[in-house]
Amino acid sequence: MWSFGNSGGVFQLPGPTLCVESGAKVTVALHNALPEPTSIIFPGQPQVLAGGQPAQPENDATGNLTSLTTTAAPNGGSTTYTFTAGAPGTYLYQSGTDVQKQQQMGLFGALVVRPKGHPDQENERADSLFDPAREYLYMLSEVDPDAHLAVERGRGYDWTKYKARYFMINGRSMPDTIAPNRAAWLPNQPYGSLIHIRPYDAATNPRSALIRYLNAGVTSYPFHPHGSDEQLIARDGHPAQGPAGQDLSYSNFLIDVAPGQTVDTLMTWRDSEHWDPVTNPIPVQLPQLQDQVVGPGTETWFSENPYLGYTGGQLPPGVVQNNQCGEYYHVAHSHALEQSTNYGASFGGMMTLIRIDPPVGCPAP
Ligand SMILES: [Cu+2]
């Protein structure tokens, strides 16, 4: 992979998530360590300057377009981009040079523009309020390993043969997607995508989670959270609203993110009445032990129902609990099922989990 990283930092995929306030002056200095020219475009941001001049497309000696914007020279060249952050929302930034190759190689990241004075809103609308402790970002992308091998070996690649085999959320494939942010064993893929929420409660948990989806690939990723709809509130930095500000947000079971697009959703989990693993456990009959799956750790699982039991039920030798505190886990994944594989192997790829704790939270065991 190639990627953008912080100067002096380690390689990371995707590039660093940039968070700025609308109206802020943004400066990004690009230092190019690649053996070919590269650049950064900021789709959705107005009047980007490069080296203090309006950023310009570049052509080769015969007039063919080689870059959508001003480049940094190979092997150590630099360019500094400046712009004033535009409307609040979620945006890609990515290479504008030899885009088919350089985007596939991993030269992309996310730019989050927050409304001025409202870091807990997705946009200027008061109904875009979310819980800042429950803000998630899904950078969706894919890899054709043959293309990468060709680049590594300095060969050309016939892009008509392009065939993605790996599909990622934040540069990770399932099961790495559910590992924590900055997990020590994933030093070059710092961003996790495990959603961790509690059911809606007007008194104790009134705010929704916010999920920002970005598509840095070349095909649509029909993302599908199990168990709950999400409320689509913005796309490409535009709130879902009519000309007079009418709320046009809508609830959907499928978040279809097209190439180059961003989609922001609010997720509110409403299932409070069933939630108390001590006094009101969900009336589910746990199957016989031999019908449960043990492990891979010290837990048991069974299908057909999301309820995982509660601490203190029947447990096989060596197993300490069915789950931590009565929480649920729902899968969330691309519904184009090939995208939920690692080179065809199922239950991988563009897939993660949504964890829902009891309303009281999950006390440490
Ligand atoms: Cu599914």
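Let's start in the core. The largest nonpolar core holds 24 residues, and Tyr138, Leu140, Ile197, Tyr213 and Phe223 touch the most other members. By nonpolar core I mean a set of buried Ala, Val, Leu, Ile, Met, Phe, Trp, Tyr and Cys residues joined through side-chain atoms within 4.5 Å. Buried means under 20% relative accessible area, exposed means over 50%, and partly exposed is in between, with a 1.4 Å probe and protein chains only. Apart from that core lies another, of 22 residues, among them Leu34, Ile40, Tyr81 and Tyr91. As background, nonpolar side chains tend to be buried together in soluble globular proteins.

A word on the model. It is predicted, with local features needing pLDDT of at least 70 and side-chain atom pairs counting only at pLDDT 80 or more, while totals for chains, interfaces and linings use all residues. Residues are numbered from 1 along each chain as its sequence is written, and side-chain values use heavy atoms, with hydrogens and water left out.

Now the overall picture. The chain has 2 helices and 25 strands. Helices are DSSP runs of H or I, at least four residues, and strands are runs of E, at least two, numbered from the N terminus. Of the 365 residues, 48% count as buried. Take contacts between residues at least 6 apart in sequence: 69% of them join residues at least 24 apart. Contact here means heavy atoms within 4.5 Å. The chain exposes about 17100 Å², and carbon and sulfur atoms supply 54% of that. Those areas come from the Shrake-Rupley method with a 1.4 Å probe; for residues, only the protein chains shown count as cover.

Next, the metal. Which protein atoms are the donors of the copper ion? They are NE2 of His226 and NE2 of His333, lying 2.0 to 2.1 Å from the ion. His226 sits in the loop between β14 (221-225) and β15 (230-235), and His333 in strand β22 (residues 328-334), so the pair ties together parts 107 residues apart in sequence. Donors are N, O and S atoms within 2.8 Å of the metal, or 3.2 Å for Na, K and Ca; water is not among the atoms, so sites may look incomplete. Are the two histidines buried or exposed? His226 is partly exposed, at 27% relative accessibility. His333 is buried, at 8%.

On to helix α2, residues 145-152. Its buried residues are Ala147, His148, Ala150 and Val151. Seen down the axis, they fall within an arc of 160 degrees, so they line one face of the helix. That arc is taken over the directions from the helix axis to the C-beta atoms. Their cover includes α1 (99-105) and β10 (135-143). Asp144 caps the N-terminal end: one of its side-chain oxygens lies 2.9 Å from the backbone nitrogen of Asp146. Just after the helix, Gly154 takes a positive phi of about 70 degrees.

Now three loop residues. First up is Thr177, in the loop between β11 (166-169) and β12 (195-197). Thr177 is buried, with a relative accessible area of 0%. A polar atom of its side chain lies 2.7 Å from the backbone oxygen of Met351. Beyond four places in sequence, Thr177 touches residues including Ile169, Leu194, Gly349 and Thr352. Back in the core, Tyr138 also contacts Ile169 and Thr352.

Asn32 lies in the loop between β2 (25-31) and β3 (49-50). Asn32 is buried too, at 2% relative accessibility. Its side chain has a polar atom 2.9 Å from the backbone oxygen of Glu36. A polar atom of that side chain also lies 3.1 Å from the backbone oxygen of Ala72. Asn32 and Gly76 are 44 residues apart along the chain, yet their C-alpha atoms are separated by 5.1 Å.

Last, Arg125, in the loop between β9 (108-114) and β10. Arg125 counts as buried at 17% relative accessibility. What joins the side chains of Arg125 and Gln241? A polar contact of 2.7 Å. That term means a pair of N or O atoms within 3.5 Å; within protein, one must be able to donate a hydrogen and the other to accept it, and residues adjacent in sequence count only if both atoms are side-chain atoms. Leaving aside neighbours within four places in sequence, Arg125 also contacts Pro239, Gly245, Gln246 and Asp247.
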